[in-house]
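Please find below some notes on the model, set out as numbered points. They take up the strands and their pairing, then a few side chains, and lastly the cysteines.

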Amino acid sequence: MSTAASVPAIGVIVVNYNAGDLLTQCVGAVLGADVPVEVIVSDNGSDDGSLEHLRAMFGTDPRLRILENRSNLGFAAANNRALPLVRADRLLFLNPDCLVGPDTLGRMLAFMESRPDVGMAGCIVRNPDGSEQVASRRTIPDPWIALKRILRLDRLLPDRGGRRLNLHHEPLPAEPVAVEAISGSFMLVSRRALDAVGPLDEGYFLHCEDLDWFVRFRQAGWTIALVPDVSVIHHKGACSRRHPIEVERHKHRGMERFYRKFQAREYPMFFNGLVIFGIRVHFWSRVFIDTLSRLFHRPRSGKRG
């Protein structure tokens, strides 16, 4: 067999951090795809037995490689570390709590091959109950809309031009369409576009690195497409339940970095200060609410007096 023939059609990168048995389900579903695949699991120091379970199930499969980072490098850095190991011309960045169907990758690959202008493609991401997930279809956050949502002013001040951040309540398009943003849990990228745009920005630890990428892909002239007749199941939050406050901290730092990097130059200093202030107030309000929730919802011992 020639070297060219042995190159997989899609290289799948899965960043794992304590995803439990979902990691094995995720990898198993990918290995059962209808196209040749290679899978690189980039593990950020998991200690929940997820890697051991994965090895027990698929450790002898030559299509699987495990990259142990020994510590939590963050989502962007862990993905980037796996890039040199991928041989395929199409790369799927897949969350470990995301489950694909047997024909998902084949259908997505066929679409990508028919559209050389598309640098990145996503599909409809659904909750386990089959409903469409909030972030499945979205737009790049408008600072004004985001600020209103952060400060809870949505109902008092109308949106400009009816623009919304999340589009999951709108009817599904009848065919693939160009979009501003897809779900970061399933991002199929062409090697040519990746080489032109560059890897994920490691200045983000968790959250908003996907938004950063979407903006950069479109700035470089690549189309981001949504394929509405393909869907996957996403068990959202499987890797972030242990430390919710740390997740919120990284999310809000990512929001601030994204705003400063792409949007702040378009607005006056006063408005920029208001946006940054709103992001930080929103974070501390989440901390306060989480603290109250923990205080008033402590588990009972189960003993009766």
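1. A crossover between two strands is called right-handed if, with the strands pointing away from the viewer, the path from the first strand over the helix to the second runs clockwise. The model discussed here is a predicted one, and in it strand 1 (residues 10–16), helix 2 (residues 21–31) and strand 2 form a β-α-β unit that is right-handed in this sense.

2. Strand 2 takes part in a further unit of this kind, since a right-handed β-α-β unit is also made by strand 2, helix 3 (residues 50–58) and strand 3. Where do the bridges of strand 2 lead? Strand 2 runs parallel to strand 1, to which seven bridges join it, and it likewise runs parallel to strand 3 (residues 64–68), with five bridges between them. As individual pairs one may take Gly11, whose bridge partner in strand 2 is Glu38, and Asp43, which stands opposite Glu68 in strand 3.

3. How many residues of strand 2 are buried? For strand 2, which spans residues 37–43, the count is seven of seven. In a regular strand the side chains alternate between the two faces of the sheet. Both faces of strand 2 are covered, with Val37, Val39, Val41 and Asp43 buried on one side, and Glu38, Ile40 and Ser42 buried on the other. The list of buried residues thus includes Glu38, the bridge partner of Gly11, and Asp43, the residue opposite Glu68.

4. Strand 10 (residues 186–190) is mostly covered as well, five of its five residues being buried. On one side these are Phe186, Leu188 and Ser190, and on the other Met187 and Val189, which leaves both faces covered. The pairing of strand 10 is antiparallel both with strand 4 (residues 90–94), through five bridges, and with strand 6 (residues 118–126), through two bridges. Within these pairings, Ser190 is the bridge partner of Arg90, and Leu188 is the bridge partner of Ala121.

5. Arg138 belongs to strand 7 (residues 137–138). Is Arg138 buried or exposed? Its relative accessible area is 14%, and because the cut-off for a buried residue is under 20%, Arg138 counts as buried. The polar surroundings of this side chain can be named: it reaches the backbone oxygen of Ile182 at 3.0 Å, and it makes a polar contact of 2.7 Å with the side chain of Asp210.

6. Gln263 lies in the loop between helix 9 (244–262) and helix 10 (269–296), and at 10% relative accessibility this loop residue counts as buried. A polar atom of its side chain lies 2.8 Å from the backbone oxygen of Pro141. Leaving aside residues up to four places away in sequence, Gln263 touches Ile140, Pro141, Pro143 and Phe258.

7. The last point concerns the cysteines. A disulfide is a covalent bond between the sulfur atoms of two cysteines. A search of the whole structure finds zero disulfides. Why does Cys98 not form one with Cys26? The sulfur of Cys26 is the closest cysteine sulfur to that of Cys98, yet the two are 6.8 Å apart and therefore too far for a bond, given that a disulfide requires sulfur atoms within 2.5 Å. Cys98 is buried at 0% relative accessibility, and Cys208 also counts as buried, at 10%.

Key
Residues numbered from 1 in each chain as written. Predicted model: local features only at pLDDT ≥ 70, side-chain atom pairs only at ≥ 80, totals over all residues. Heavy atoms only, no water. Buried < 20%, exposed > 50% of the residue type's maximum accessible area, 1.4 Å probe, protein only. Helix = DSSP H or I, 4+ residues; strand = E, 2+ residues; numbered from the N terminus. Pairing = 2+ DSSP bridges. Polar contact = N/O pair within 3.5 Å; in protein donor to acceptor, adjacent residues only side chain to side chain. Contact = heavy atoms within 4.5 Å.
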